[in-house]
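Thanks for sharing this one with me. I have put my notes into numbered points, so please follow along in the viewer as you read.

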Amino acid sequence: LTKSKQYSLSDQTTKVLKDLKTKVTITAFVSDEQYNADKLRRLLHQYEVAGGSNLTVKIYDFKTDIDKAQEYGARFDGTMYVECGADDAKRKEEIQGGTEEQITSAILAATTGQKTLICALTGHGEIAIEGGGPDKPGFGMLKSILQNQQYQIDPLNLVTQATPAVPSDCKLLIIAGAKYAPSAKEMSAISRYVDQGGNLMLLLEPPPAPDFADLLKAHGVTPLDAQVKDPLSSAEGNQAILATMPQEHDVTRGLQFVVLPTSIAFDVQEAAPPPSMPGAPPPPSGDKAKPLLKTSDSASVANLAGRRGP
């Protein structure tokens, strides 16, 4: 109803509700004194309309419907419960806060009964998936956001495994800022995971940290020992701080531009890459690296020795 769609459900939520195959009930305990009571009730009404016959919303007053609140075990005003399934096999997710992200994530958890596994490699000086702050980089906030979206984030230490292997149910392997190169056995396990269709998110530290060149080259990407500078896509007058325009891709959809305080140059192969290791199956037809960000034609690279190139 508004130009900015500030009172509209997201496309992701609408799709989740449209695809519901089982009955789901949202039970909320909200009193008039709850600080965002009107917003929560309006949001729940949107869910009820979009969910159709497969979604039922029940709202009780936390202050006056005491018996019902005790039945559910609600201890705080604004608590919600998402339930799915028969009484003997019912799955129930509790929410505190009631944002759209939390409600949709709880619906996914209640209807599927499982969470998507993400593994974060450890043992090589990677950025920690816990905590985070000015003095100790970490992905604590990102982990919390992903958990609210019903992802399970587990550390993965291949060093301690006699036969290193990435779990078969791992949907994404993150290698974030490794300062030391994994062993040959670890790299073999990582390559095998990727060759079998696994998803890898690789965040590189500047040299002398490992650049995972052998792994990347097998998939059509060559990291260069250089930093990108772009006078037409710079921020704050510093050519080394890039403000780049995202390419058309699911990963970057909705982003207008991305600012990178530091960057590493990559050469991307235009044709489909060969198999990453002897005996590995060839990539599917047309499968090649897809750039997510690009600098302008005026960009250049400067290597560590100070030499410049195109």
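1. Let me begin with the parallel sheet. Four strands make up an open sheet with parallel pairing, in the order β6-β5-β7-β8. Its edges are taken by β6 (151-156) and β8 (200-203); each has a single partner strand, so one side of each is left without a neighbour in the sheet. On average, and ignoring direction, neighbouring strands here are turned by 20 degrees against each other. Please keep in mind throughout that this is a predicted model.

2. Within that sheet, the pairing of β5 with β6 is a nice place to zoom in. Strand β5 covers residues 116-121 and runs parallel to β6, with six bridges joining the two. Here leucine 121 of the sequence stands opposite leucine 156, the latter in β6.

3. A helix also deserves a look here. Helix α6 (residues 184-195) lies across three strands, β5, β7 (170-176) and β8. Relative to β7, helix α6 runs at about 135 degrees.

4. Now to the cysteines. How many disulfides does the structure hold? The count is zero. Cysteine 119 is in no disulfide, and the nearest cysteine sulfur, 3.2 Å away, belongs to cysteine 170. Why is there no bond between them? A disulfide needs the two sulfur atoms within 2.5 Å, and at 3.2 Å the sulfur of cysteine 170 is too far from that of cysteine 119. Both residues are tucked away from solvent by the numbers: cysteine 119 is buried at 2% relative accessibility, and cysteine 170 is buried with a relative accessible area of 5%.

5. Turning to the antiparallel pairing, strand β3 (residues 79-84) and strand β4 (residues 91-96) are paired over six bridges. For methionine 80, the bridge partner in β4 is isoleucine 95. Six residues lie between the strands of this hairpin, and glycine 85 there adopts a positive phi near 100 degrees.

6. The aromatic residues give you plenty to inspect. Four aromatic pairs turn up when the whole structure is searched. In one of them, the ring centres of phenylalanine 29 and tyrosine 60 are 5.6 Å apart with planes at 25 degrees, so this pair is stacked. Because phenylalanine 29 lies in strand β1 (residues 24-29) and tyrosine 60 in strand β2 (residues 55-60), the pair ties together parts that are 31 residues apart in sequence. The two partners differ in accessibility: phenylalanine 29 is buried at 0%, whereas tyrosine 60 is partly exposed, with a relative accessible area of 22%.

7. Phenylalanine 29 has another aromatic partner, tyrosine 81. Is that pair stacked or edge-to-face? With ring centres 6.2 Å apart and planes at 80 degrees, it is edge-to-face. Since phenylalanine 29 sits in strand β1 and tyrosine 81 in strand β3, this pair ties together parts 52 residues apart in sequence. Tyrosine 81 is itself buried, at 2% relative accessibility.

8. To finish, which residues form one aromatic cluster? They are Phe29, Tyr60, Tyr72 and Tyr81. When you next have the model open, you could trace this cluster from phenylalanine 29 in β1 to tyrosine 81 in β3, the strand that pairs with β4 in the antiparallel sense.

Notes
Residues are numbered from 1 along each chain as its sequence is written. This is a predicted model: local features need pLDDT of at least 70, side-chain atom pairs count only at pLDDT 80 or more; totals for chains, interfaces and linings use all residues. Side-chain values use heavy atoms; hydrogens and water are left out. Buried means under 20% relative accessible area, exposed over 50%, partly exposed in between (1.4 Å probe, protein chains only). Two strands pair if DSSP finds at least two bridges between them. Rings of Phe, Tyr and Trp (its six-membered ring) pair if their centres lie within 6.5 Å; planes under 30 degrees apart count as stacked, over 60 as edge-to-face and the rest as tilted. Axes are lines fitted to C-alpha atoms, for helices over the stretch in contact, and angles run from 0 to 180 degrees between N-to-C directions. Contact means heavy atoms within 4.5 Å.
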